[in-house]
Amino acid sequence: MARAPVSMVGLLVLCCLSGMTRAEYVKYKDPKQPLNTRIEDLLRRMTLAEKIGQMTQIDRSVASFEVMKKDFIGSVLSGGGSVPAPRASPETWIDMVNDFQNGSLSTRLGIPMIYGIDAVHGHNNVYKATIFPHNVGLGATRDPELVKRIGAATALEVRATGIPYVFAPCIAVCRDPRWGRCYESYSEDHKIVQAMTEIVPGLQGDIPAGSPKGVPYVAGKKNVAACAKHYVGDGGTTDGINENNTVIDWQGLLSIHMPGYYDSIIKGVSTIMVSYSSWNGIKMHTNRDLITGFLKNKLRFRGFVISDWEGIDRITTPPHANYSYSIQAGISAGIDMIMVPLNYTEFIDGLTFQVKNKIIPMSRIDDAVRRILRVKFTMGLFENPLADTSLVDQLGSQEHRELAREAVRKSLVLLKNGEGTDEPLLPLPKKAPKILVAGSHADNLGYQCGGWTIQWQGLSGNNLTSGTTILSAIKNTVDPKTKVVYKENPGTDSVRSGKFSYAIVVVGEHPYAETNGDSTNLTIADPGTSTISNVCAAVKCVVVVISGRPVMIQPYVAAMDAIVAAWLPGTEGQGVADVLFGDYGFTGKLSRTWFKTVDQLPMNVGDPHYDPLFPFGFGLTTNPVKKN
């Protein structure tokens, strides 16, 4: 066999090498390439299985390295309370997320998955995270800049656990406090909800000037992709029944429930979640006119649209009764990513069948995948798919707890402070011989945080996470010589004989989330009203109401010397004591109308039958006590 000259061999090797390097250069992996070039380059390489995988979101409980790799899964989530281990550390979270991510990166195209979680008042599923006041309280602050800072702090705490995507903010306009999600709404007034969309740039970072409208934006590794929810009209259902029917004309939908979406889209929100509810009898998860026609085409939203948990299952009654129809209706309506989240093979097989049989066109699949890839490229997930431990110190940091405490102070609404010519009771003196603290909610961190805290429905007690109860805050604040006596539900005689200078009664609702919170009577939980009656009959009393919405207090108003609406303040109960004792003044204003009786509901500001106990915008003020 004749030997080729050495120079020729060298040339062949060079040719082979240059061919290899050419083959290795892939446009979609090059961050210098324009965004759309990267999207189209990747899309044309993808098989149908890879595309449908991108459209599939599964819960962490059914995810694994192998599942991510085998089924090309595009996204994983933690549902409420879905954690890698009880009291898991940030490092445990990071290891779990990275394990799933490594599964995705080991696929043929190495498309990273995006991990999402409900961080609706701070990083609320995670042990020792800062729990901020729920949105109903933030609405009372009237302070969008504060809410933006809360968004930025939440983003850092979420990233501390290796997660880049949150299902927040809820921009519902709650029109009936009987709805179990009313505390997730900033206000009954769309203008306040619009102002509070400043949380979007807080979470994602400020969108650069001159950016085209509707394009998603995430600034970097200290920010997260946000999700405006629940599109649209979730807060307007008949009688406040969760997931029910919102009966309103087109102008009403546009003027009340839609404006928050305009603002969120302008601010670069990455994703939008569809509502379980219906609009005039049409399930939102099937509403092509509103999802594709209005949101995508008219408003030019360029991020991706995601379903709610088992959202397509609930298209039918009973849920999951005709899953192939649910797949067809939901995908055809324009939903891009389906939060399946458990039986994902049924979804993948069903959608694959419908595309192969031309029931759903490939153009619809490509639209969905383009949008999902746009968000993933924009947020830098291809360049930085794996989380590290560089931000673990941000979780529950002192700086974030101080921010939450500030939010608590600004959210408190003073509804009554003495009668007419009486001396106002608040601010309370720190120096007193002996004071009484009473009520089921005074020493209960779980009650004070409400639903969506550690567990989906929230918890009772003080060992769920770290924080400061209102009782502890009072003890921290009063003069060291002041004796603080705590009795959860004392009798009138024991209060009378106790010779107390004054009493602080803390009562309210027990935690709930979603449908479990739907209520027709909106009462304070037992024995709250008897505690009010027993204590306030015997001594000067301030009642602090811990609730996710206005509750029934009209029969007791005369007996209470002072009333404070504290909403669901979260872990930083010190903020309540800061204002009760005059280190700061009361400044909060009702973002919701406080009704006299439930028979009046729904009743919102501007209604012809408007006759509230305390009107929208009401809130007495006090001045801080000057320190000597």
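Helices, taken as runs of at least four residues, and strands, taken as runs of at least two, are DSSP assignments numbered from the N terminus. In the predicted model described here, leucine 522 is placed by this scheme in the loop between strand 15 (503-508) and helix 20 (528-536). The phi angle of leucine 522 is near 50 degrees, a positive value in a residue other than glycine, and the residue is buried, with a relative accessible area of 0%. A positive phi, near 75 degrees, is also found at lysine 128, again a residue other than glycine. Lysine 128 belongs to the loop between strand 3 and helix 6 (135-141) and, at 41% relative accessibility, counts as partly exposed. Most residues other than glycine have a negative phi, and most peptide bonds are trans.

Cis peptide bonds were examined next. One such bond joins leucine 426 and proline 427, with omega about 0 degrees, and proline 427 is located in the loop between strand 12 (413-417) and strand 13 (434-438). A cis peptide bond also joins leucine 601 to proline 602, where omega is about -5 degrees; proline 602 falls in the segment after helix 21 (574-580). A further proline, at position 86, occupies the loop between strand 2 (75-78) and helix 5 and is exposed, its relative accessible area being 75%. The C-alpha atoms of proline 86 and glutamate 514 are 23 Å apart in space, while the two residues are 428 residues apart in sequence.

Side chains of opposite charge can pair when their charged atoms come close. The count of salt bridges in the model comes to 36. Among them is the bridge between arginine 44 and aspartate 41, whose closest N and O atoms are 2.8 Å apart. Because arginine 44 and aspartate 41 are three residues apart in helix 2 (residues 35-45), about one helical turn separates them. The two partners differ in exposure under the cut-offs of under 20% relative accessible area for buried and over 50% for exposed: arginine 44, at 61% relative accessibility, counts as exposed, whereas aspartate 41, at 5%, counts as buried.

Other salt bridges link distant parts of the chain. Aspartate 366 and lysine 51 form one with their closest N and O atoms 2.8 Å apart; aspartate 366 lies in helix 15 and lysine 51 in helix 3 (residues 48-54), 315 residues apart, and both residues are buried. Another salt bridge is made by the side chains of aspartate 239 and arginine 178, at 3.6 Å from N to O. Here the partners are 61 residues apart and come from two loops, aspartate 239 from that between strand 5 (227-231) and strand 6 (245-246), and arginine 178 from that between strand 4 and helix 8 (190-195). Aspartate 239 counts as partly exposed at 41% relative accessibility, while arginine 178 is buried at 12%. In addition, Asp143, Glu145, Arg149, Glu406 and Lys410 are joined into one network by salt bridges that share partners.

A search of the whole structure for aromatic pairs returned eleven. In one of these, the ring centres of phenylalanine 100 and tyrosine 115 are 6.5 Å apart and the ring planes are at 5 degrees, so the pair is stacked. The pair connects distant parts of the chain, with phenylalanine 100 in helix 5 and tyrosine 115 in strand 3 (residues 114-117), 15 residues apart. Phenylalanine 100 is buried, with a relative accessible area of 5%, and tyrosine 115 also counts as buried, at 0% relative accessibility. By contrast, the rings of tyrosine 165 and phenylalanine 304 have planes at 75 degrees and centres 6.0 Å apart, so this pair is edge-to-face. Tyrosine 165 lies in strand 4 (residues 165-166) and phenylalanine 304 in strand 10 (residues 304-306), a separation of 139 residues, and both are buried. Ring pairs also link Tyr28, Phe377 and Phe382 into a cluster.

At the surface, Glu66, Glu91, Asp95, Asp99 and Asp393 form a negative patch. Helix 5 (residues 90-105) contributes the most to this patch, with three residues. Aspartate 393 is located in the loop between helix 15 (362-378) and helix 16 (398-411) and is exposed, with a relative accessible area of 69%.

Methods
Residues are numbered from 1 along each chain as its sequence is written. This is a predicted model: local features need pLDDT of at least 70, side-chain atom pairs count only at pLDDT 80 or more; totals for chains, interfaces and linings use all residues. Side-chain values use heavy atoms; hydrogens and water are left out. Patches are made of residues with over 30% relative accessible area and no salt bridge: like charges are joined within 9 Å, nonpolar side chains (Val, Leu, Ile, Met, Phe, Trp, Tyr) within 5 Å. Accessible areas come from the Shrake-Rupley method with a 1.4 Å probe; for residues, only the protein chains shown count as cover. A salt bridge is a side-chain nitrogen of Lys or Arg within 4 Å of a carboxyl oxygen of Asp or Glu. Lys and Arg count as positive and Asp and Glu as negative; His and the chain ends are not counted. The place of a charge is taken as NZ of Lys, CZ of Arg, CG of Asp or CD of Glu. Buried means under 20% relative accessible area, exposed over 50%, partly exposed in between (1.4 Å probe, protein chains only). Rings of Phe, Tyr and Trp (its six-membered ring) pair if their centres lie within 6.5 Å; planes under 30 degrees apart count as stacked, over 60 as edge-to-face and the rest as tilted.
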